[in-house]
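Thanks for coming, everyone. Let me put the model up and walk you through it.

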Amino acid sequence: MKNSYFDLVYRVTAAIPPGRVTNYGAIADFLALGSARMVGWALNKCGHLNIPAHRVVNRKGELSGRNMFPSPTMMQEKLEQEGVVVENDKVTEFKTLFWHPGDYLNQDDYDYEKDT
DNA sequence: GTTTTGACGGTCT
DNA sequence: TAGACCGCCAAAA
């Protein structure tokens, strides 16, 4: 538990319920980071952690970070696998599937550092 | 030590 | 309504 700004991002991202998506701005605003780029950047170094970064998209609901994944299609595949309808690399029901960061309080805590 | 880029967002034109 | 510009903080070159 480092309590760093990116660790907070990890926790919120890990708390995103399956079949649900959110955007960087919401997390950035919730954590008062001041910039959505901090969120995306923090997730960029999530490579060694088991964080569902595929559930995090930009404000337009587009899978902007798919290019960073081991496989660009993996992000969309995972979203569809959880029931999220993705078309043209963007979430169609984004506004409906949108998940508010504040709801993560209901998820209590989550060990994102626990890989395996 | 300085400059540029980056998984973005909001506001102005 | 749509397109373009600026701003946020941090890390790498």
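I'll go from the overall fold to the two DNA strands, and then to a few single residues.

First, a caution. This is a predicted model, and local features are taken from residues with pLDDT of at least 70. Side-chain atom pairs need pLDDT 80 or more.

Now the fold. Chain A has five helices and four strands. Read from the N terminus, the order is α-β-α-α-β-α-β-β-α. The chain has 116 residues, and 41% of them are buried. Take the contacts in chain A with a separation of 6 or more. Of those, 70% join residues 24 or more positions apart.

Start with helix 1, residues 5–14. Is helix 1 mostly covered or mostly open? Mostly covered: seven of its 10 residues are buried. They are Asp7, Val9, Tyr10, Arg11, Val12, Thr13 and Ala14. Note that Asp7 and Arg11 are on that list. The cover over these buried residues includes helix 2, helix 3 and strand 2.

Helix 3 is next. Its buried residues are Val39, Ala42 and Leu43. Why do they line one face? Viewed down the axis of helix 3, they fall within an arc of 95°, so one face of the helix holds them. The general background is simple. An α-helix has 3.6 residues a turn, so residues three or four places apart point the same way. Back to the model. Arg37 and Trp41 are exposed on the other side of helix 3. The buried residues of helix 3 are covered by elements that include helix 1, helix 2 and strand 2. Keep helix 3 in view. We need it for both DNA strands.

DNA strand B. There are 17 residues around it. Which come nearest? Ala36, Arg37, Gly40, Leu43 and Arg59. By class, the surface near DNA strand B has eight nonpolar, seven polar and two charged residues. On the DNA side, take the atoms of strand B within 4 Å of the protein. Sugar or phosphate accounts for 44% of them, and bases for the rest.

Let's look at the polar contacts. Leucine 43 places a backbone N or O atom 2.7 Å from a base nitrogen of DNA strand B. Asparagine 44 does this too, with a backbone N or O atom 3.1 Å from a base nitrogen of strand B. For arginine 59, a polar backbone atom is 2.6 Å from a phosphate oxygen of strand B. Which elements give two or more residues to this surface? Helix 2, residues 24–30, and helix 3, residues 36–44. Helix 3 supplies the largest share, six residues. One point to link up: Leu43 is among the buried residues of helix 3, and Leu43 is also among the residues that come nearest to strand B. Burial here is computed on protein chains only.

DNA strand C. The residues around strand C are Tyr5, Gly34, Ser35, Arg37, Met38 and Trp41. That surface has three nonpolar, two polar and one charged residues. Of the strand C atoms within 4 Å of the protein, 69% are sugar or phosphate, and the rest are in bases. Serine 35 has a side-chain N or O atom 2.5 Å from a sugar or linking oxygen of DNA strand C. Arginine 37 puts a polar side-chain atom 3.1 Å from a base oxygen of strand C. Helix 3 again gives the most to this surface, with three residues.

Now some single residues. Aspartate 29 sits in helix 2. Is aspartate 29 buried or exposed? Exposed, because its relative accessibility is 63%, and the cut-off for exposed is over 50%. Aspartate 29 and valine 39 are 10 residues apart in sequence, and their C-alpha atoms are 9.9 Å apart.

Histidine 54 is in the loop between helix 3 and strand 2, residues 56–57. It counts as buried because its relative accessibility is 6%, and buried means under 20%. Beyond its neighbours within four places in sequence, histidine 54 contacts Phe69, Met75, Lys78, Leu79 and Glu82.

Last, the aromatics. The count comes to one aromatic pair. Phenylalanine 94 and phenylalanine 98 form it, edge-to-face, at 5.6 Å centre to centre with 80° between the planes. Phenylalanine 94 is buried, at 11% relative accessible area.

That's the tour. I'm happy to take questions.

Technical notes:
Residues are numbered from 1 along each chain as its sequence is written. Chains are lettered from A and ligands numbered from 1 in the order in which they are written. Side-chain values use heavy atoms; hydrogens and water are left out. A residue is near a molecule or strand if one of its heavy atoms lies within 4 Å of it. A polar contact is a pair of N or O atoms within 3.5 Å; within protein, one must be able to donate a hydrogen and the other to accept it, and residues adjacent in sequence count only if both atoms are side-chain atoms. Ala, Val, Leu, Ile, Met, Phe, Trp, Tyr, Cys and Pro count as nonpolar, Asp, Glu, Lys and Arg as charged, and the others, Gly among them, as polar. Rings of Phe, Tyr and Trp (its six-membered ring) pair if their centres lie within 6.5 Å; planes under 30 degrees apart count as stacked, over 60 as edge-to-face and the rest as tilted. Buried means under 20% relative accessible area, exposed over 50%, partly exposed in between (1.4 Å probe, protein chains only). Contact means heavy atoms within 4.5 Å. The arc is that of the directions from the helix axis to the C-beta atoms.
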